[in-house]
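Here is a briefing for a reader new to this structure. It takes the contact between the protein chains, then the surface near the DNA.

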2 protein chains.
Amino acid sequence: MRIDTKTALLNSAEQAARRRGFDGFSYADLAKDVGIRKASIHHHFPTKAALSVALMQRYAAEIRQALSAIDTTHPSGCARLAALIDHYRGALNGGKSLCLCVSFSTSRDSLPADVITEIRSFRQMVIGWLTNTFELGQSDGTIAEVTEPAKEAAASLPLLEGAQLTARAQENLDLFENGVQLLRQRLANPS
Amino acid sequence: MRIDTKTALLNSAEQAARRRGFDGFSYADLAKDVGIRKASIHHHFPTKAALSVALMQRYAAEIRQALSAIDTTHPSGCARLAALIDHYRGALNGGKSLCLCVSFSTSRDSLPADVITEIRSFRQMVIGWLTNTFELGQSDGTIAEVTEPAKEAAASLPLLEGAQLTARAQENLDLFENGVQLLRQRLANPS
DNA sequence: TTTTATCTACCTACTACTTGGTTGGTAAAT
DNA sequence: ATTTACCAACCAAGTAGTAGGTAGATAAAA
């Protein structure tokens, strides 16, 4: 089944951005990957900035869905948190890529203000979800040592992102696991 | 007092890299900042890759010094850890820049293998220092809830780096503080 | 149903720089 | 005389983008 060109471009751009950062890929890369002329990309995305907006919005929608799915399929606090940790681990693609939000953050000066705002919303949303998850883990007793869920959430997201960064730099998933090890140990028995 | 051109170039490049990432600055930026012709930079740094090596080595030497100075001037575990947190906060420059290691990590595919190796050594060194610091904090009783210093260290560095990333994306130091808040709360009374 | 008009999505050719780098040269310091 | 550190001029490839065009699909009109 063939996908439409716009989606193919978004897929290609997302992969490139998550692997090389916003300043590390060009329209020429996408053109070669998708198989159309570089100038044609402007029909779908008039500027690179517009492309970054579309990428970030799509990425945020996708993780919103992922978090919603976790809530549906994982009843306990610890299972939800474990699922999120695994989501961030999965986004590493074996060490070859990062979460889009992370890869965009270091080149934020190259991005339009809309995207900076989206990045902020993205992190707030994830921290909000984490806060709920720590609250659940506290009340159902499946996450150990939770006294202030909001503060736990505020620490856990940067931990996940920092652990991603370390693993990406060395293309080594073990480094991600080293970073989140203590967090995992607090989970009762996620399944 | 005038500094030598090579040092001026390193300073300029470091600032640019920590602000915009490796792919986000060019020799033309440095030339304009330092006030020499772009082509002249090649006398000091034949390739951009060579420049990245010099940057990373200098940065690693500087933090080695900083950690050593912390050990000398801070006797307790909590005071040392607080000083490192403040060091990472300081590297943000009010939200305008990142630690070099962080900013290089997302564009690691553009960097020579030597630098990837240096980044790994850098992180190992900091984690080693953190391990010692958690051990000290455990034995002198100034860092609360330390059971496994090495795991604490392995979690704390990604936390600091992730918190930096968040604060950098929004140019807002409060976000750094939100991330490290729980960690700070475990420190007895750093001074 | 057929024809015409419009839209979509691609193309070529081009623009104006910009990138990291090479080359040959010169001025000043040693 | 030699070395250091700069210069101008240049290179080839690359960057994001503009402009005019066409082929095929789709919608509207006849």
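Eight salt bridges are counted between chain A and chain B. A salt bridge here is a side-chain nitrogen of Lys or Arg within 4 Å of a carboxyl oxygen of Asp or Glu. This is a predicted model: local features need pLDDT of at least 70, side-chain atom pairs count only at pLDDT 80 or more, and totals for chains, interfaces and linings use all residues. Residues are numbered from 1 along each chain as its sequence is written, chains are lettered from A and ligands numbered from 1 in the order in which they are written, and side-chain values use heavy atoms, with hydrogens and water left out.

**Chain A against chain B**

- One salt bridge joins the side chains of R108(A) and E171(B), at 3.7 Å from N to O.
- The rule also finds 14 residue pairs in polar contact across this interface, both residues at pLDDT 80 or more. A polar contact is a pair of N or O atoms within 3.5 Å; within protein, one must be able to donate a hydrogen and the other to accept it, and residues adjacent in sequence count only if both atoms are side-chain atoms.
- On the side of chain A that touches chain B, α8(A) gives the most, with 14 residues. Helices are DSSP runs of H or I, at least four residues, numbered from the N terminus.
- By class, that side of chain A has twelve nonpolar, 14 polar and 13 charged residues. Asp, Glu, Lys and Arg count as charged; Ala, Val, Leu, Ile, Met, Phe, Trp, Tyr, Cys and Pro count as nonpolar; the others, Gly among them, count as polar.
- Chain A and chain B each bring 39 residues to the contact, which means heavy atoms within 4.5 Å.
- About 3,300 Å² is buried between the two chains, and carbon and sulfur atoms give 55% of it. Buried area is the accessible area (1.4 Å probe) that two parts lose on being put together, summed over both.

**DNA strand C**

- DNA strand C is surrounded by 17 residues, and T5(A), R37(A), S40(A), H44(A) and K48(B) are the closest. Near means a heavy atom within 4 Å.
- A phosphate oxygen of the strand is 2.5 Å from a polar backbone atom of K48(B).
- The side chain of S26(B) has an N or O atom 3.1 Å from a phosphate oxygen.
- H42(B) places a polar side-chain atom 3.3 Å from a base nitrogen.
- α3(A) supplies the largest share of the surface near the strand, four residues.
- That surface divides into seven nonpolar, seven polar and three charged residues.

Methods. Helix = DSSP H or I, 4+ residues; strand = E, 2+ residues; numbered from the N terminus.
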